[in-house]
Amino acid sequence: MIKHDIVIVGGGPAGMAAAVAAYDRGVTDVVIIDREDTPGGILRQCIHNGFGLHKLGQELTGPEYATVYAVKVAERGIKVYTGTTVLSVTQDRIVTATGREGIVQIQAGAVVLTMGCRERSRGALNTPGTRPAGVFSAGTAQKLINIDGYMPGKKAVILGSGDIGLIMARRMTLEGAKVEAVCEIMPYSGGLTRNIVQCLEDYDIPLYLGTTVVEIHGKKRLEGVTIAQVDENRREIPDTRRYIECDTLLLSVGLVPENELTIAAGISMDRVTGGAIVDENCHTEISGIFARGNVLHVHDLVDYVSDEAERAGCGAADYVKNGVQAGEYIPVKAVGGVRYVIPQHINRNATGEISLFMRVAQPSGKARITARQGETILATATKLKTAPGEMEKLIIRPGLLGTGEITVEIEQL
Amino acid sequence: MNRKLICIICPRGCQLTVSGEKDNLTVTGHACKRGQVYAIDECTHPVRTITSIVRVSNREDCMVSVKTATPVPKEAIPQVMAAIRGMTVQAPVKTGDILAENIFGSRIVATKDID
Amino acid sequence: MERYDVLIAGAGVTGGMIARELSRYNLSVCLLEKENDVACGATKANSGIIHGGHDPVPGTLKARLNAIGNPMLFEACRQLNVPHRRNESMVCAFGPDEEPAVDRLYQRGLENGIEGLEVITGDMARQLEPALSTQITKALLIKNSGIVCPYSLTIAAVGNAMDNGVTLKRNFEINKIEKTDGLFTVCSANGETVQGEYLINCAGCAADKIAAMAGDGFYTINPRAGEYMLMDKSEGGRVSRTIFQTPGKEGKGILVTPTVHGNLLTGPTAQAVDSGDSTFTSAQQLEKIQRLAAKSVPGVNFRQVITSFSGVRSSVDGGDFIIRMSDKVEKFAHVAAIDSPGLTCCVSIAVYVVDMLAQAGLKLTEKENWNGTREDPLAFSKMDMDQKNKVIAENPAYGKIVCRCETITEGEIMESLTRQPVALDLDGVKRRTRSGMGRCQGGFCSPYIMKLIAQHTGTDMTAVTKNGGSSYIAVHKL
């Protein structure tokens, strides 16, 4: 069996940032395992710009952002096993992977899980109707166009106004397709404002809020969809049905962290995030296994993925050098309008700044988000506007941490 | 002019109103200077960075992603896309390679390496 | 013009199994299928149950062929290396009103000569299946019943028939049948023609039309759609046995069953539809499945659904199979109205039909070199690490994972494109390898598989379809 100090599962933005951070923290025997022939993950098909403003101070396209990190990985001589898929990770950190050279087993000092996420499929939506060709998840269509150079259709409806859906509405239009509508079941869009303006308004693509696809038509290839308005309980409102002729339906209806390896390894999961339960160093409840990026919780911006994944890289490096950090764990709970908080628990002996990441349950105007421990306010921030689509962050300054449960809540102002 | 737009500079999304004449526009609703500049630019000469793909002719089923090196006028988007669609390139290509010059005041550059 | 001893219309599980049975003999046999692949009708979308035989009315062909067909199908699954499992089943009664139905089914089973039936209490049922509802008061335990993957079975049967010399013609939608000089001349919608001495009609929902074309259309098929919901493997362990409900006001009830691949399947509903192509799902029926499945197994987590689908069964008034030589047209065999328990009976039907043809004059001489076994298409996945590494060293494509949800390699995809009956489209690859059957439903792997199909067939991705015909996926090359 091969041995490496740190094995990183997944060479997307999170995996590369974690590898670089671990290396720079002094653990140089780091390897990345990635199933594609080139690292970079989903960024390689995200050819649009808007990446890197926070993290790198410049506006880049997805492939350029990936290249920045691929160069950092290469400069440090970090080995990337490409075209290699991890089959399993065990609690004693044996990583089994397969590639064209065969199946390898690696005994890792620490493992960082950075597998990213996948899109929810039509099956998961359970949309009634026929099952023709022409129904794609938005990311699959993105890959067909941007990587393979094939158009998936001529006339499209997009279900879901998440960022990938919005980006694909523009992309399809630029390549000559007609995008008839973007339908969003919620009364608000899940995407960034910037994308609504530059992907829909620029091209006069209508966005129907509170509207969903209720039936799919067509025998062999999609022929059309029926859309209808829904009430606040997402139930169809009678007499609002409308048929739209189209040959393509793109689904941008949410992302699901890809945690099959995590679950198979017996790591405790958070039912709300769909990711592992971690501490402030991204350490899961299994000793020496860390997780970060979209596999932990789905992010809005890749910049934050890189940022947070560095934390995981450092955590793994510290674990390799010093072993487990002693100390009891303080639970962190999301209450009152906050959907979840990461980390789910914090080591009482944690030093340095501790970042809390959260998402709110509902869009709101001016609001204050506060992290409390009993009567003590650990961190607070006032926001002019919050939305479920955007990640919020609080920083607990060093020395504030006491004992007892931490709660994070949002109050409308 | 009296135009309403949503600021896209940061996630806050201020509701901006631009009013006045061409050389003397006033912006209200912005929370910062950047929003004011965005509103005036958007009303006088809106620009966009265009990204797309170009076929790599000497590789099988291979596309290289590209972008305009600087933003181009919004109204020129169809012509810029037409220009990009007419291009092919030969590998190897490096990120940043200039693939076409003088495209509505900008250049088309590669955003990916193709060996 | 191509001329065969026997033509079979329809490459579902019945037609496929008959083709295999005929391939034992020195005969030329041609299987005609209107779709781009075998197993595209009711065969690909049913419950996948190997029924014990307690249910059919005693004295019917269904009762007889089920009783003898059950062990025959288990044997064929072993020979053909088809995933199957004798997982037992239960018919559950909810309260005193339904309990007599359990006793009636038990008596019926005895009359049909079925062994391994046992009437048990609700508590005993829950001991065997802890996830069952506390409302269940009595159940019939059926120990000889099992589950099978119906399309794997059909692909294997047709593949084995082809290995033994049978010809398969796809996209052959019969639109004219003539009989002159003792020969059937069968024409397809796209202008192909074949001739045969015997014609067997296994055309499922189109059997009545084929029978009419041949000159003996004495029955009408009433297509009945059954909708299903398939759950992720995380739900697959919810029950180990197939759980039926007693027949009641809402029809035969909804079953909850594990599949041989480890998923959980619930369904079917039953509605009359226009044709065999009416495979749409509806919100009301999907809601009904959830409600009734939860009645038997309250814990089923429907958030784990990965797909819903509908299969159209071919039924007739009267309810029994129609399997006989035509009274009007010599050497024309009806094998129609094969609805439940048709899958269980596929081997017994095949043997029955071949006997029937022999009595009608078909000369059967056994081939010396007939081989009824087929190599396991899942062989690679069952290997240990050292064996796999040996295979990968010879063919590196076996090291490359294409479908990550189901862990399917490029080597296995290529096998599906090269082994009879070869996959010609994405759904064909999916049914042979399970790529795209997992939780992402092909989101990640389908462009890669399209590329492999295009490379293999020397076309580009615009020529690749989901399931033949106009089911293209990419419209043009940029």
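Start with chain B and colour its two domains separately: residues 2-44 make up domain 1, and residues 51-110 make up domain 2. Put a pseudoatom at the C-alpha centre of each, and the two centres come out 31 Å apart. Keep in mind throughout that this is a predicted model.

Stay on chain B and switch to cartoon. You should find two helices and 10 strands. Walk from the N terminus and the pattern reads β-β-β-α-β-β-β-β-α-β-β-β. Now look at the overall dimensions: along the principal axes, the C-alpha trace spans about 55 × 25 × 20 Å. The radius of gyration of chain B is 18 Å, while a compact globule of 115 residues would have one near 13 Å. If you colour by burial, 32% of the 115 residues of chain B count as buried. A contact map is worth a glance too: of the contacts in chain B between residues at least 6 apart in sequence, 43% join residues at least 24 apart.

Next, select chain A. Three domains are assigned here: domain 1 takes 1-119 + 254-325, domain 2 takes 121-253, and domain 3 takes 327-413. Show domains 1 and 3 of chain A together. Their C-alpha centres are 25 Å apart, and 13 residues of domain 1 are in contact with 16 residues of domain 3. Colour the domain 1 side of that contact by residue class and you get five nonpolar, four polar and four charged residues.

Now zoom in on domain 2 of chain A, residues 121-253. Which strand order does the open sheet of five strands have? Trace β10-β18-β12-β13-β14 of chain A, with parallel pairing. The edges are β10 (135-137) and β14 (207-209), each of which pairs on one side only. Looking across the sheet, the twist averages 20 degrees from one strand to the next.

Pick out two of the pairings in this sheet:

- β10(A) and β18(A) (residues 248-251) run parallel and are joined by three bridges. Label Phe136(A) and you'll see Leu250(A) opposite, in β18(A).
- β12(A) and β13(A) also run parallel, with five bridges between them. Here Ala156(A) has Val179(A) of β13(A) as its bridge partner.

In general, strands of a sheet pair through backbone hydrogen bonds, either parallel or antiparallel.

Is β13(A) enclosed or open? Six of its seven residues are buried, so β13(A) is largely enclosed by the rest of the structure. Add helix α5(A) (residues 163-174) to the view. This helix packs on the sheet and touches β12 (155-159), β13 (178-184) and β18 of chain A. The direction of α5(A) makes about 170 degrees with that of β13(A).

Now select α4(A), residues 138-146. How many of its nine residues are buried? Nine of the nine are. The buried set includes Lys143(A), Gln142(A) and Asn146(A), along with Leu144(A) and Ile145(A).

Keep α4(A) highlighted and turn on chain C. In the contact between these chains, 40 residues of chain A meet 44 residues of chain C. Seven elements of chain A each supply at least two residues to its side: β6 (85-89), β7 (94-99), β8 (102-113), β9 (117-119), α3 (122-125), α4 (138-146) and β11 (150-151). Of these, α4(A) gives the most, with five residues. Colour the chain A side by class: 11 residues are nonpolar, 15 polar and 14 charged.

For a pairing that crosses from one chain to the other, go to β11(A). This strand pairs with β23(C) (residues 476-477) in the antiparallel sense, over two bridges. Label Tyr150(A) there, and Lys477(C) stands opposite.

Last stop: chain C on its own. Domain 1 is 1-85 + 147-221 + 316-374, domain 2 is 89-143 + 224-313, and domain 3 is 380-463. Select domains 1 and 2 of chain C, whose C-alpha centres lie 28 Å apart. Their contact takes 27 residues from domain 1 and 29 from domain 2. To see what domain 1 of chain C brings to it, show α2 (61-80), β4 (84-85) and β8 (146-148), each of which supplies at least two residues. By class, that side of domain 1 has 13 nonpolar, 10 polar and four charged residues.

Methods:
Residues numbered from 1 in each chain as written. Chains lettered and ligands numbered in written order. Predicted model: local features only at pLDDT ≥ 70, side-chain atom pairs only at ≥ 80, totals over all residues. Domains from an automatic or database assignment. Contact = placed C-beta atoms within 7 Å. Nonpolar A, V, L, I, M, F, W, Y, C, P; charged D, E, K, R; others polar. Helix = DSSP H or I, 4+ residues; strand = E, 2+ residues; numbered from the N terminus. Pairing = 2+ DSSP bridges. Rg over C-alpha atoms; globule rule 2.2 N^0.38 Å. Buried ≥ 20, exposed ≤ 12 C-beta atoms within 10 Å, placed from the backbone. Axes fitted to C-alpha atoms, helices over the stretch in contact; angles between N-to-C directions.
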